[in-house]
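Here's a quick tour of what sits on the inside of this protein and how two of its helices meet. Have the sequence and the model side by side as you read.

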Amino acid sequence: MNTNKKRLGIIGGISIILIILISVFIFTQTGPYDKNNKKDIVVEIPQGATTSTISDILYKNKLIKNKVIFKVSVRLSNKAQYFKAGKYLFNQTYSNKEIIDEISSGNIYNDGIKITIPEGSTSREIISILVGQKLGDKESYENLISNPQEFYEKFEFLNEEDITSLEGFLYPSTYYFDENASEKEVLSAMLSQFDKVYTDKLRDRQKELKMTTEQVINLASIVEKEAILDEDRPIIASVFYNRLEIGMPIQSDATIQYIFKERKKIVTYKDLEIDSPYNSYKNKGLPPTPIASPGIESIKATLYPEKTEYLYFVAKIDGGNNYSVNYEDHLKYVKEYKEERDKLNKEK
């Protein structure tokens with residue numbers, strides 16, 4: 001009996017030692033490859049990569065010590081379904097868990113030339129930003145923007161008959177481009193972002209309104225240029241819808257500004273007489289193309305406008321607007337605005 005107990009004791013002791021050794025081994029294999037090496041390593045996870053493919057890439061770049069252990073770690077984390085393709089910035093101080101967390105959260109590393117397109121940018125302004133960063137040629141951009149058919153194969157939404165320009169569809173966002181990217185690749189990235197943002201839900205709403213994509217973005221671009229506060233956008237959209245419904249010119253200073261190469265400080269009464277299809281004081285309906293790239297809030301405001309009877313609005317000093325149904329009240333608000341503006345200028 002004593003001999004058996006001794007044997008069991010020895011076996012138990014060995015088992016404990018083995019468990020400890022295995023635990024230490026796993027810990028060392030899941031920990032940092034080199035906790036002292038913080039040199040950046042950029043790896044690219046391709047679209048549709050399996051856990052095996054990812055482990056091969058990480059092992060090759062000396063970011064994990066053991067491929068089998070890494071795959072087990074992924075399985076235990078239950079995060080493989082959230083893995084996202086793209087470039088990632090790591091170093092050898094990352095543990096398996098940290099690498100898995102980064103890839104599953106999609107914390108993608110962006111390199112290349114950073115380009116930010118502000119909401120409400122015209123194609124002319126977008127070209128200036130791109131060329132200013134030595135990213136392409138002005139004439140090439142102008143030619144491509146004027147010929148949306150160049151992008152028909154990749155972007156089905158551009159096939160609508162009334163889309164004659166990419167104006168309005170170059171979505172305002174921050175992009176990262178390779179310094180050797182072609183003009184077509186650059187514009188394709190912006191169109192791709194628009195296609196992503198303009199969701200099926202928004203397209204369905206567009207159909208409910210019996211509008212084309214061009215009409216939505218056209219009106220949204222005017223809302224974008226007229227609004228300062230997000231809460232005003234659906235109301236401004238309603239004003240323009242109300243004007244269009246009764247056959248009244250939409251009368252937007254923003255469309256007048258689009259005529260000029262450089263934005264004017266103020267639109268004058270003389271400017272309202274300019275003979276141009278973009279003069280929305282002289283011409284009824286929407287202008288020939290959008291006048292800028294609207295952000296998502298202006299697009300949503302156009303698709304989901306407030307229900308009002310307003311036909312007029314004028315800016316307030318605080319950035320909002322005063323709205324009115326009749327012209328007499330509108331003139332009263334215009335007078336108030338001018339008085340407040342003049343008073344503010346005197347105080348300066």
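A quick bit of vocabulary: two residues are in contact, or touch, when they have heavy atoms within 4.5 Å of each other. Keep in mind that this is a predicted model.

Let's start with Met190. Leaving aside residues up to four places away in sequence, Met190 touches Ile117, Ile126, Leu130, Phe169, Leu170, Tyr171, Tyr175 and Phe177. Met190 belongs to the largest nonpolar core, which has 37 residues, and Met190, Leu191 and Ile299 are the ones touching the most other members. Several elements chip in at least two residues each, among them β3 (113-116), β4 (174-177), α9 (213-226) and α12 (296-303). The largest share, six residues, comes from α7. There's also a second, separate core of 17 residues, including Ile54, Leu58, Leu63 and Phe70. As a rule, nonpolar side chains in soluble globular proteins tend to be buried together.

Now for the helix pair. How far apart are the axes of α6 and α7, and at what angle do they pack? The axes lie 10 Å apart and the angle is about 50°. An angle like that makes α6 and α7 oblique to each other, and their crossing is right-handed. Here's who makes the contact:

| Helix | Contact residues |
|---|---|
| α6 | Ser140, Tyr141, Leu144, Ile145 |
| α7 | Glu183, Lys184, Val186, Leu187 |

By character, the residues in this contact split into five nonpolar, one polar and two charged.

Definitions and conventions:
Residues numbered from 1 in each chain as written. Predicted model: local features only at pLDDT ≥ 70, side-chain atom pairs only at ≥ 80, totals over all residues. Heavy atoms only, no water. Core = buried A, V, L, I, M, F, W, Y, C linked by side-chain atoms within 4.5 Å. Buried < 20%, exposed > 50% of the residue type's maximum accessible area, 1.4 Å probe, protein only. Helix = DSSP H or I, 4+ residues; strand = E, 2+ residues; numbered from the N terminus. Axes fitted to C-alpha atoms, helices over the stretch in contact; angles between N-to-C directions. Parallel < 35°, antiparallel > 145°, perpendicular 65-115°, else oblique. Left-handed = near helix turned anticlockwise from the far one by under 90°. Nonpolar A, V, L, I, M, F, W, Y, C, P; charged D, E, K, R; others polar.
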